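Student: I'd like a close look at one part of this model, with the rest of the chain filled in around it. Could you walk me through it in one go?

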Amino acid sequence: MTACAIEGGTAGPATTADPGPEESGEPEEPVGAEGATEPVRAAGPMEAAGPEGAAGPWAGAPRAPGTFTLTADGAYGARLTAAPGAPGEQRAWYPERWTLDGPEPYAVPLPLHQPEEPDAQVVPLADGRVLIRRRVADRQMFSLLYPTGPATGELPLGAVECDGMTLLPPSPDGSSVYGLSAGDHSSLLWLVAGGAFGPELVAEIPGHCSGGVWLDRAGRILALDRQLPGGGPVKAVAVDLERNGEVTPLLQIAPSSDDRLLLADPDSGLLLIRSDAPGHDRLGWGVLGSCLPVRFPECLRPADVAVTPFAVQPGQMLMPESCAVALRIDGAAGSWVGVWRPQGRRLHQLAAPEGWSAGAGYWSRDGVLHLPYANTATPCAVARIEAPGDDGPLPETGGTDGDASGTEPSGAVTPPVVCKPVPLGQAPLHRAAPPD
């Protein structure tokens with residue numbers, strides 16, 4: 001990908017680009033908070049959405065130090081948790097596995113003879129076991145945990161000598177987990193679960209790497225965000241695990257821009273990207289293998305909040321613009337949920353269930369968003385929210401100062417001049433004046 005387009009407005013200092021011929025020419029408009037939208041089925045209370053009434057963290061539960069991690073198919077989840085205790089009391093952390101593919105979700109605690117450290121990481125596998133990474137001195141140690149009646153079974157896998165390592169999202173094959181140990185000059189990619197003889201070094205990649213997004217269903221092509229030794233911009237690259245970690249460029253929006261890949265859908269090829277190519281950090285989208293430019297919709301930058309995609313609707317073969325995307329919205333009032341489709345050109349803001357593991361969730365093929373949560377009334381549950389439709393007309397906005405919903409209008413009601421997108425290197429720095 002070598003170009004970008006700003007939908008519905010003028011780009012920043014780096015470039016100016018407009019919607020292409022296939023767009024309607026109407027400005028990209030956001031939709032305000034939709035607190036009245038009802039989920040298809042929720043296993044717990046839903047609070048009002050948006051900055052004023054966003055669901056805050058469950059105050060009665062211990063706050064897990066890491067994230068809630070799901071398998072690629074959403075069948076299992078895993079997290080670190082602890083029993084509630086008095087304020088200031090030291091908590092004993094232990095892994096917990098959630099089973100999500102049955103009639104009702106349920107959680108299985110996996111404690112061992114001693115509590116885990118808060119910096120331990122857990123990743124579920126498709127067979128129901130949970131991989132745990134523990135740091136012991138200057139080593140990273142790995143084990144598989146599984147329930148055995150009233151106790152917890154543990155299968156040690158081995159250790160890697162390094163100061164730090166981050167487990168990547170579970171491989172789509174369901175049985176492999178990779179870890180990334182990043183250095184200033186090179187980064188090591190390890191297969192820590194799924195190998196024949198314990199942790200195996202898969203590739204050494206020049207530069208400092210981060211991120212981690214799977215681009216295929218076979219678990220062969222992994223995208224990483226890389227900064228070359230000596231500095232320079234961050235660029236997403238593709239790593240072929242079946243060709244000894246061969247690295248090829250993936251994103252090149254502008255020569256000096258930081259271009260990171262946040263999320264990808266292997267079925268449709270939809271990519272969610274964060275880049276400063278428009279002049280400042282923006283959330284955009286593109287299609288893997290497409291010659292069309294990356295687009296940066298105005299509705300994906302609501303005012304005074306951070307927006308991060310966490311799930312894409314699968315099964316939309318050859319229809320990337322129809323994929324529903326779930327986004328985590330973080331503001332001063334807490335975290336809530338956004339839903340957006342490229343073709344819909346609007347951001348729906350929805351309530352999150354009380355105790356939602358913010359940023360965790362998955363889509364069914366028919367467009368139902370599943371959000372795991374736990375609170376005082378429900379220790380393990382999943383809220384199911386049907387993706388809102390985009391059939392209604394885009395709301396008119398007459399200013400650019402934002403509104404009470406916390407979203408930012410894309411511009412004036414008057415449609416912008418429609419021009420064909422061009423690569424950033426060829427883009428004019430200023431919009432041409434419209435004809436009188």
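Tutor: Let's start with the hairpin that joins β4 to β5 through 6 residues. Strand β4 covers residues 94-99 and strand β5 covers residues 106-109, and the two pair in the antiparallel sense over 4 bridges. Within that pairing, Glu-96 stands opposite Pro-109 in β5. A strand here is a DSSP run of E of at least two residues, a helix is a run of H or I of at least four, and both are numbered from the N terminus. Two strands pair if DSSP finds at least two bridges between them. As a reminder, strands of a sheet pair through backbone hydrogen bonds, either parallel or antiparallel.

Before going on, a word on what you're looking at: this is a predicted model, where local features need pLDDT of at least 70 and side-chain atom pairs count only at pLDDT 80 or more, while totals for chains, interfaces and linings use all residues. Residues are numbered from 1 along each chain as its sequence is written, and side-chain values use heavy atoms, with hydrogens and water left out.

Now the wider chain. The secondary structure comes to 0 helices and 28 strands. Of the 436 residues, 53% are buried, meaning under 20% relative accessible area with a 1.4 Å probe and protein chains only (exposed is over 50%, partly exposed is in between). Take the contacts (heavy atoms within 4.5 Å) between residues at least 6 apart in sequence: 48% of them join residues at least 24 apart.

Further along the chain, β26, β27 and β28 form an open sheet in that order, with antiparallel pairing. Its edge strands are β26 (362-363) and β28 (381-386), each pairing on one side only. Strand β27 (residues 368-373) pairs with β28 over 6 bridges, and Leu-369 has Ile-385 in β28 as its bridge partner.

For a single residue in a strand, try Ser-181, which sits in β11 (residues 177-182). Ser-181 counts as buried because its relative accessibility is 11%. Its side chain reaches the backbone oxygen of Gly-164 at 3.1 Å. Leaving aside neighbours within four places in sequence, Ser-181 touches several residues, including Cys-162, Met-165, Leu-188 and Trp-190.

The loops have their own points of interest. Most residues other than glycine have a negative phi, yet Asn-244 has a positive phi of about 60°. Arg-345 also has a positive phi of about 60° without being a glycine. Asn-244 lies in the loop between β16 (234-240) and β17 (246-249), and Arg-345 is in the loop between β24 (334-340) and β25 (347-350). Their surroundings part ways: Asn-244 counts as exposed at 71% relative accessibility, whereas Arg-345 counts as buried at 5%.

One more loop is worth finding on screen. Leu-318 lies between β22 (306-312) and β23 (325-331), and with 81% relative accessibility, Leu-318 counts as exposed. Together, Met-317, Leu-318 and Met-319 make a nonpolar surface patch of about 370 Å². Such a patch takes residues with over 30% relative accessible area and no salt bridge, joining nonpolar side chains (Val, Leu, Ile, Met, Phe, Trp, Tyr) within 5 Å and like charges within 9 Å. A salt bridge puts a side-chain nitrogen of Lys or Arg within 4 Å of a carboxyl oxygen of Asp or Glu.

Technical notes: Polar contact = N/O pair within 3.5 Å; in protein donor to acceptor, adjacent residues only side chain to side chain. Areas by Shrake-Rupley, 256 points an atom, 1.4 Å probe, with all protein chains shown as cover.
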